[in-house]
Amino acid sequence: MKITHFDDLPVATASYLNAKPASQSTVAGLRGVERTFLPITLGRVTGLPATLQGLVVASDLQGKVKNPRSRQFALLGEVLPEILRRVIEVELGGNPLKFGVLLAGDLFALLEKRGGLGDVIPVWEAFRGEFRWVAGVAGNHDQFGHSPEENRQFRQRSQCHLLEGTSVTVDELRIGGVSGIIGRKGKPNRLPVDTYLQQLTNVLDEKPDICLLHESPAVPEQRAPGKEEIREFLEMGPPTLAVCGHVPWKTPLLELPNGTQVLNSDARAFILLPE
């Protein structure tokens, strides 16, 4: 699978509120909150199976949107699927039930501060309700349910594939993924570097069409931050399309010397259509 083109301008945007790192401004009565926009960009890709009309890709949806009816805040990822569905139906004349979804993690947000840890099952369910299937990895701010039973029930949902050093085949696409980030034990969704890289090796050994990661590889010559170790292992593996997030890149799509493409979807959404 290979991305061949991206449009210069987004086909749509989604407005949301996000906690500012450090600010005294006020939006909607909340201190330190800014309004920003998530770009939704169209791209072209080769290698899609005939059963799919396209793929939706997103990560780091760390914001909230106020429901005009209930006046309550919802996670950005709970409302984004409906926006994407409308774009696919109205702008593209497509059928959302023939689109798969790839999520690269960090779908939870607080308005009081950046970060936090919380339940992202509602986001996955919102995407699953609008599209054919969802495959993804956990970010370092994501948890799945508030109890072991909720977590177990989520993992049994059909067409929801949480990848944790594992792979799955859906619509003839082999998709592998490593959840979390490299970090010290004792914090959620952190893996020792050896464990992380072993999981990545296991995934790449499956020769996936798509490799989902939350943490990005470093590509310093392109001023793209991330982990050097992840890049080294991606370059040693077979060419693939790696999707990641966690840190923003100015240029979302880069190619490594071995032919692997890396798509950074931090605070972005993409709709990939067949070439």
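The exercises below, each with a worked solution, go through a predicted model of one protein chain.

Residues are numbered from 1 along each chain as its sequence is written, and side-chain values use heavy atoms, with hydrogens and water left out. Because the model is predicted, local features need pLDDT of at least 70 and side-chain atom pairs count only at pLDDT 80 or more, while totals for chains, interfaces and linings use all residues.

**Exercise 1. The chain as a whole**

Task: Find how many helices and strands the chain has, and what its radius of gyration says beside that of a compact globule.

Solution: Begin with the secondary structure, where helices (H or I, at least four residues) and strands (E, at least two) are DSSP runs numbered from the N terminus; the chain has 5 helices and 22 strands. Next, take the radius of gyration, which is computed over C-alpha atoms and set against a globule rule of 2.2 Å times the number of residues to the power 0.38. For 275 residues a compact globule would have a value near 19 Å, and the 18 Å of the chain agrees with this. The C-alpha trace spans about 50 × 45 × 45 Å along its principal axes. Then turn to burial, where buried means under 20% relative accessible area, exposed over 50%, and partly exposed in between (1.4 Å probe, protein chains only); buried residues make up 51% of the 275 residues. Finally, contact means heavy atoms within 4.5 Å, and of the contacts with a separation of 6 or more, 67% are accounted for by residues 24 or more positions apart.

**Exercise 2. Helices α1 and α2**

Task: Work out at what angle the axes of α1 and α2 cross, and which residues of the two helices meet.

Solution: The axes are lines fitted to C-alpha atoms, for helices over the stretch in contact, and angles run from 0 to 180 degrees between N-to-C directions. The axes of α1 (residues 76-91) and α2 (residues 121-130) come within 7 Å and cross at roughly 15°. That makes α1 roughly parallel to α2, since angles under 35 degrees count as roughly parallel, over 145 as roughly antiparallel, 65 to 115 as roughly perpendicular and the rest as oblique. The crossing is right-handed, a term used if the near helix is turned clockwise from the far one by less than a right angle, left-handed being the anticlockwise case. On the α1 side the contact includes Leu80, Pro81 and Leu84, and on the α2 side Val123, Ala126 and Phe127 are among the partners. The residues of this contact divide into 7 nonpolar, 1 polar and 4 charged, where Ala, Val, Leu, Ile, Met, Phe, Trp, Tyr, Cys and Pro count as nonpolar, Asp, Glu, Lys and Arg as charged, and the others, Gly among them, as polar.

**Exercise 3. Helices α4 and α5**

Task: Describe how α4 and α5 are placed, and give the classes of the residues in their contact.

Solution: The axes of α4 (residues 193-205) and α5 (residues 228-236) come within 10 Å and cross at roughly 25°, and the two helices are therefore roughly parallel to each other. The crossing is right-handed. Val193, Tyr196, Leu197, Leu200, Thr201 and Leu204 of α4 make the contact with Glu229, Ile230, Phe233 and Leu234 of α5. By class, there are 8 nonpolar, 1 polar and 1 charged residues.

**Exercise 4. Two residues with positive phi**

Task: Decide whether Asp60 is buried or exposed, and find where Asn189 lies.

Solution: Recall that most residues other than glycine have a negative phi. Asp60, although not a glycine, has a positive phi of about 50°. Asp60 is in the loop between β6 (54-59) and β7 (64-66), and its relative accessibility of 4% makes it count as buried. Asn189 is not a glycine either, and has a positive phi of about 55°. Asn189 lies in the loop between β16 (181-182) and β17 (190-191), where it is partly exposed at 28% relative accessible area.

**Exercise 5. Two buried residues and their contacts**

Task: Find which residues Ser265 and Val101 touch, not counting residues up to four places away in sequence.

Solution: Ser265 sits in the loop between β21 (261-264) and β22 (268-274) and is buried, with a relative accessible area of 0%. Ser265 touches Val57, Ala58, Ser59, Ala104, Val243, Cys244 and Phe270. Val101 is in strand β9 (residues 99-103) and is buried, with a relative accessible area of 0%. Val101 touches Val56, Phe127, Phe131, Trp133, Val134 and Ala135.
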